[in-house]
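Here's a quick tour for anyone meeting this protein afresh. Have a look at the structure, then read on.

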Amino acid sequence: MSDKKIREIYKVFDGKSKFLSHRSIGTDQKKLNSILENLYSPGPSFQYVFDFSTRQFIFLSKSVQALIGENLDTFQVDDYAERIHPDDLPHFVNCEEIAGHFLFSHIDSGQIPSYKVSYQIRYKTIDDSYRLFLRQSIALTWDSDYKLSTVFTNQSDISHITTRNNNKVSFINVQGGKSYYGIGSIADLDRDQLKQTVSAREMEILKLISEGFSSKEVADYLHISLDTVRTHRKNILQKTDFRNLAQAVSHYVRQGLI
């Protein structure tokens, strides 16, 4: 089964090889540390950096061993593939194919570093049970032609929030530009996208609330008044018709939007 899985994954890479760098471009440790410090994880998570030129992980967080029971010194792509639920492999491949089209054909190459790719898969953990994970990836290094060299991925257990995969992929602009949500096929990218219900600022507040920030802490963190935070909270509930913010946070996590 592992050989089949790895062939399916490599087939995606091979199909986009002209957009991928054939040389390793070392990542700036300061940049990596900044990503780790500002990481959003709605549950237990592990992180890695994948090098397209060598097709190997060049960074693995220590939580790889604690969460999925893999050895940091030996864990590589075939081991990663083996832990994907067999029924989710077609979804994984489909999301990666859509992501390749989006990054290399749908947007300008200079925009690639601005987009986070987000989707869900069932993944085997240390106790050999499959749990639903939110997988979020973003370009880490690239060459002068914006050919990808390395990508950073954060994979979070969200089974305490939902066990139902939405079977979609989202492309979230981390710079505040246009985002694309709930994409199920390449054709979806060419259709008019529904506008996100809440604003970028309101989504930012939801993210902080999901991390346990109080309204006062949100205000201090974003350098806005407490009354402004309260207004945003009220607007979120009015726009979404959720009874409380916990429901709103759960919804947006399930959709892979935060």
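In which helix is confidence lowest, and in which is it highest? Keep in mind that this is a predicted model. Confidence bottoms out in helix α2 (residues 29-37), with a mean of 69, and peaks in helix α3 (residues 63-68), at 95. For the protein as a whole, the mean pLDDT comes to 85, and 91% of the residues reach 70 or more. A word of caution: where pLDDT is low, the predicted coordinates should not be read in detail.

Now for a pair of helices that pack together. Here's who they are and which residues of each make the contact:

| Helix | Residues | Contact residues |
|---|---|---|
| α7 | 215-222 | S215, K216, V218, A219 |
| α8 | 226-240 | L226, V229, R233 |

The two pack at an angle of about 115°, and their axes are 8 Å apart. Angles of 65 to 115 degrees count as roughly perpendicular, so that's how α7 and α8 lie to each other. Their crossing is right-handed. Sort the contact residues by class and you get four nonpolar, one polar and two charged.

Finally, the rings. How many aromatic pairs does the structure hold? There are 19. One of them joins F57 and F75, which are stacked: the centres sit 5.5 Å from each other, with 15° between the planes. This pair ties together distant parts of the chain, as its partners are 18 residues apart. F57 belongs to strand β2 (residues 56-60), while F75 sits in the loop between α3 and α4 (77-82).

Key:
Residues numbered from 1 in each chain as written. Predicted model: local features only at pLDDT ≥ 70, side-chain atom pairs only at ≥ 80, totals over all residues. Heavy atoms only, no water. Axes fitted to C-alpha atoms, helices over the stretch in contact; angles between N-to-C directions. Helix = DSSP H or I, 4+ residues; strand = E, 2+ residues; numbered from the N terminus. Parallel < 35°, antiparallel > 145°, perpendicular 65-115°, else oblique. Left-handed = near helix turned anticlockwise from the far one by under 90°. Contact = heavy atoms within 4.5 Å. Nonpolar A, V, L, I, M, F, W, Y, C, P; charged D, E, K, R; others polar. pLDDT = per-residue confidence, 0-100. Phe/Tyr/Trp six-rings, centres within 6.5 Å; stacked < 30°, edge-to-face > 60°.
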